Amino acid sequence: MPLTRRTALAATAAGAAGAAGALAGATVRPEPAAAAVADYVIRHDQPRQTILGLGVEIQSDSIGSGNNGLPTATTSVPHDLVASERTRMYTDLLKIRDDRGFRYLRLALGLYLRGLDSTQKQIIGRWPTQLAELAELIAVSGIEGVSAEYWSPAPGWKSNGSYVGGTIASTDPGWLDQYGDAIVRDLAYLRDNGVPVKMFSLQNEPSIDYVAYSCCSYSNDQYYKAFKAIAPKIRAEFPGIFIHADAENGQRGRGGALIRADATALSQVDGWSFHRIGSDSNDQLQNNYTSDAAGKPVFSNEFEYQVPTSDWKMVNTAQSIMNWMTFQNSPTWFWLHALKPTYNSEASGYSLGFWRPYDDDDFTKYPNIAKGHWDYNPRNFNGIHGFVKYLPWNSVRYHVDEGTQRTEQRIMAWKTPQGKLVFAMTNRSLSTVTYTVDTGSTRAFQGQQYTPTARNTNLTDKTGPVLTLTLPPTSVQFWIERL
């Protein structure tokens, strides 16, 4: 039976309730001085949440280096890529598996889609082919659709008449009614141009109004009133959509307390989204994000590094995915950017790969990348690739008993929709570590290893039920049951 959004959310909410109690009693022990044997038991009798799939953002319009300003140039992907490189991006970076890869494409409305109609109140493509390019990306990559999220409403709805800074112009009921209708039209424009809309959030980081790119701040009262007026309109037009708030601090962010106190408004929330940008993955192990979530799932819809990436960060990224899902019962997780331009200073920490725009003549950086071409950023991509490849949409996580709960080595297990058992293990330390894992399966397991420099390396098959597995320093392994 196909999994619907409602059944997925029900499974996630049920898992979150159980995880909250388990987390409260959990103890986190420091990493021992010498690596020791770690014993784990995969509990086939303890299914947890349904994992919908992962998301990634796309820079489909220009932004200044260091996020400084909104250039008039059309520097973006897939627009800048030659035809063969577009196809390679769709099938190698985004699709990853033969059938599908990333599920959601995070689309920054008012930033990476910021063309305007004559009234300055509707967001449209900024050049004639922009929507067709996005539609092609989605169709060829197999992505289900976009997570549409405003970095700023169209300027005609802003207090300052600009994409940058300011807030919404009013919270009067009649004004909000018109504003909500305009947002529905923005999303319908995407849908009608071949860009399916699967998720929605009212405002990215609604506490911020001081950056040099598109933004819009909301007070608690503004966010609550706008959300309550607009969310029902979105759901009426897009019945299966996943609506999340507040795309910064979840239920603890703008309007969160007011929404949770209002049953009607709360009924429109499908999940709470957080930004814990570049944080140590121990944060999700040590802190409880579900305790005040009113039974709604919580998840990270933006993760990246504000400074250049590193070997340690490659494993930390993998552990961020695992710990959000293991300790917070998250149904999804988003990386910030698929590709970033070779000349943007933030590219190393933000991207899964780099592309060279046609106005970049500085080949002292990334000399192997020709104009209109792209290449991987391995220390970011290698931390994510295995989860997109071996964690199919709508897989179900299973609890793992941990004899010792470690911070530098983590484990997560799941079953694919076809019933195949998969588990991931990490070693973030500088020492080799050996795991003993009771898989509960007598079948053979195929092993794949990731390091900062090598991706999806084949390991020798091992047969269960108990596997003894050794991980080198700074590595991630996936073990896939052979059916």
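These legends go with several close-up views of a predicted protein model.

**View 1. The whole chain, before we zoom in.** The protein has 483 residues, and buried ones make up 59% of them. Its fold has 12 helices and 21 strands. The radius of gyration is 22 Å, close to the 23 Å that the globule rule gives for 483 residues, so the protein is as compact as a globular protein of that length. If you boxed up the C-alpha atoms along the principal axes, you'd need roughly 65 × 55 × 45 Å. Take the contacts with a separation of 6 or more: 74% of them are between residues 24 or more positions apart. On the outside, the protein exposes about 16,700 Å², and carbon and sulfur atoms supply 51% of that.

**View 2. The largest nonpolar core.** This core has 95 residues. The ones with the most contacts inside it are Leu54, Met89, Phe102, Leu190, Ile234 and Phe387. Helix α4, residues 173-192, gives the most to this core, chipping in 8 residues. Apart from it lies another core of 16 residues, including Tyr40, Val400, Tyr435 and Val437.

**View 3. Leucine 54 and its company.** Which residues does leucine 54 touch, leaving aside its neighbours within four places in sequence? Its contacts include Phe102, Arg103 and Tyr104. Also among them are Ile321, Met325, Thr332 and Trp333, along with Ile384, Phe387, Val388 and Leu391.

**View 4. Two cysteines that don't pair up.** How many disulfides does the structure hold? The count is 0. Cysteine 215 has its closest cysteine sulfur in cysteine 216, but the two sulfurs are 7.6 Å apart, which is too far for a bond. A disulfide would need them within 2.5 Å. Cysteine 215 counts as buried, at 4% relative accessibility. Cysteine 216 is buried too, with a relative accessible area of 0%.

**View 5. A salt bridge between aspartate 45 and arginine 43.** There are 29 salt bridges in the structure, and this view shows one of them, with the closest N and O atoms 2.9 Å apart. Is aspartate 45 buried or exposed? At 53% relative accessibility, aspartate 45 counts as exposed. Arginine 43, at 23%, counts as partly exposed.

**View 6. Arginine 428 and its two acidic partners.** One partner is aspartate 280, where the closest N and O atoms are 3.1 Å apart. Aspartate 280 lies in the loop between β9 (271-275) and α8 (282-286), while arginine 428 sits in the loop between β16 (421-427) and β17 (433-438), so this pair ties together parts that are 148 residues apart in sequence. Aspartate 280 is partly exposed, with a relative accessible area of 32%, whereas arginine 428 is buried at 4%. The other partner is glutamate 408, and here the closest N and O atoms are 2.8 Å apart. Glutamate 408 is in the loop between β14 (395-402) and β15 (411-415), 20 residues from arginine 428. Both arginine 428 and glutamate 408 are buried. Elsewhere, salt bridges that share partners join Glu57, Arg106, Glu149 and Glu302 into one network.

**View 7. Two cis peptide bonds.** Most peptide bonds are trans, which is why cis ones are worth a look. Where does the chain go cis? One place is the bond from valine 77 to proline 78, with omega near 10 degrees. Proline 78 belongs to the loop between β2 (55-57) and α2 (83-95). Another cis bond joins alanine 245 and aspartate 246, and its omega is about -10 degrees. Aspartate 246 is in strand β8, residues 242-248.

**View 8. Positive phi without a glycine.** Most residues other than glycine have a negative phi. Glutamate 205 has a positive value, near 45 degrees. You'll find glutamate 205 in the loop between β7 (197-201) and α5 (220-237), and it is buried, with a relative accessible area of 11%. Alanine 294 also has a positive phi, of about 55 degrees. Its place is in the loop between α8 and β10 (298-302). At 44% relative accessibility, alanine 294 counts as partly exposed.

Technical notes:
Residues are numbered from 1 along each chain as its sequence is written. This is a predicted model: local features need pLDDT of at least 70, side-chain atom pairs count only at pLDDT 80 or more; totals for chains, interfaces and linings use all residues. Side-chain values use heavy atoms; hydrogens and water are left out. A nonpolar core is a set of buried Ala, Val, Leu, Ile, Met, Phe, Trp, Tyr and Cys residues joined through side-chain atoms within 4.5 Å. Buried means under 20% relative accessible area, exposed over 50%, partly exposed in between (1.4 Å probe, protein chains only). Helices (H or I, at least four residues) and strands (E, at least two) are DSSP runs, numbered from the N terminus. Contact means heavy atoms within 4.5 Å. The radius of gyration is taken over C-alpha atoms; the globule rule is 2.2 Å times the number of residues to the power 0.38. Accessible areas come from the Shrake-Rupley method with a 1.4 Å probe; for residues, only the protein chains shown count as cover. A salt bridge is a side-chain nitrogen of Lys or Arg within 4 Å of a carboxyl oxygen of Asp or Glu.
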